[in-house]
Amino acid sequence: MSASREKKQRKGDLNEALTQKQRKEQAEQAKARRKTIGYTVFGVIVAVLVVILLVWNSGVFQANATAATVGSEKISVRDMQYYYYQAVNSEYSMYTSYGMSAPFDTSKPLSEQIQDEETGTTYQQYFQEQALATVRQVTALCAAAQAEGYTLSAEGQAEIDDVFEQIDQICAQYSITRASYFAQSYGSMVTEKVFRSNLEKATLAQEYANSRQDALTYTDEELDAYYQEHAAELDSYTFRSFYIDGTAPNPTDEEGNALVDDEGNTVTATEEEQQAAMEEAMNKAIQAVAEIGAASDHEAAFIEAAPQYVSESSKESYTDNPDASKTDSITGLVLTQYGLPYAEWLMDDARQAGDVGYVESGSGYYVMLFLDRFLDEEPTVNIRHILIKAELDQQDDEATEDVDESQIPS
């Protein structure tokens, strides 16, 4: 299965830890598929500021026009824009929360970036589909809540008020108004009124879903049976990895400048050169695995080997930080649904602590060290957050004399 297809399987919040309560929730999902309304938790994530513009269906619709219909409720274009940005920011935040780079570039049009090579689906289309799925879920849950007379709790309203307090703090920091904040975060169609309305609906949907889930009960036997069937996804994995790049460099002149053809296009490496670079990367991966595997202490050997095999731009970070190669407690659900190339290797039932191997990925190879697999039953909390990219500028404070001032955020 391709990485893009695996990502399409995402359902619910991938950051859920594997507590006893959430094991119950996982088990209930199979039953919920047979019901009219799904009782999965909808996690409300407040927007990340990203530099993209939404063009919903090529910008044909006006803000109040109907973009979708869920049951008898009509969803406006401005509401769909809200959910579109939530989809983008949710996915972006999920990758960055695990220290990974998002597979899409927020500084470039998402309509020009391919999410699925097999179907040609762009990231804009992909996030539109995610937005539609979310609005259907929220609308259905809110309708069910209304039918049962369930209303937003005081705690839920307090959470919404807290979101706006955070927004006001950001506005004060950057000397902008709320209107400017929402325009920059969601585009001109999403006003404060639209944002508040949809945030209230999402919060109500989450509360209602949680109330239904809290009422569910399971026997220990049912929980154990579900875990045994889904252990690979529910378990957490700790491992080390580093990447050996197999990309062939583009040809340059004697001064190191890129070559261009008669039409002004940059000359790229040939297919033969790329194949040779991949073979070289594979040989390095094989050599690294052999070196680490022959050592008495595999983890110490892995830490020492990493700076020798990674790209020049990464050597310093791996040299200065022994844990740069370490990933702690990532669930199998995240590994598979994000299509991480080493998921299958890590989740192999035969895998044991200390195992070393390599996995091909795109234009290079990951060298892997398996450390641990376990069921994480520590309690977790739900959070709301607003991510803002800090501006970088020079500092004149004498206290920063020994600091790289260009990397100090304002």
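Two strands count as paired if DSSP finds at least two bridges between them; strands (E, at least two residues) and helices (H or I, at least four) are DSSP runs numbered from the N terminus. The model is predicted: local features need pLDDT of at least 70 and side-chain atom pairs pLDDT 80 or more, while totals for chains, interfaces and linings use all residues. Residues are numbered from 1 along each chain as its sequence is written, and side-chain values use heavy atoms, leaving out hydrogens and water.

**Exercise 1.** Find how many bridges join strand S5 to S6, and place both in their sheet.

*Solution.* Start with S5 (residues 236–245): 4 bridges join this strand to S6, and the two run antiparallel. In this region, Tyr 237 stands opposite Ile 330 in S6. Next, step back to the open sheet, where 4 strands follow the order S6-S5-S8-S7 with antiparallel pairing. Finally, look at the edges: S6 (326–331) and S7 (356–361) each have a single partner strand, so one side of each lacks a neighbour in the sheet.

**Exercise 2.** Check whether the ends of helix H4 are as far apart as its 25 residues suggest.

*Solution.* The expected span is 1.5 Å times one less than the number of residues. For H4 (residues 123–147) that gives 36 Å, and the end C-alpha atoms are 36 Å apart, which agrees. Just after H4, Gly 149 takes a positive phi of about 75°.

**Exercise 3.** Work out which residues Leu 346 touches.

*Solution.* Count contacts as heavy atoms within 4.5 Å. Leaving out residues up to four places away in sequence, Leu 346 touches Tyr 237, Phe 239, Leu 335, Arg 351, Met 368 and Phe 370.
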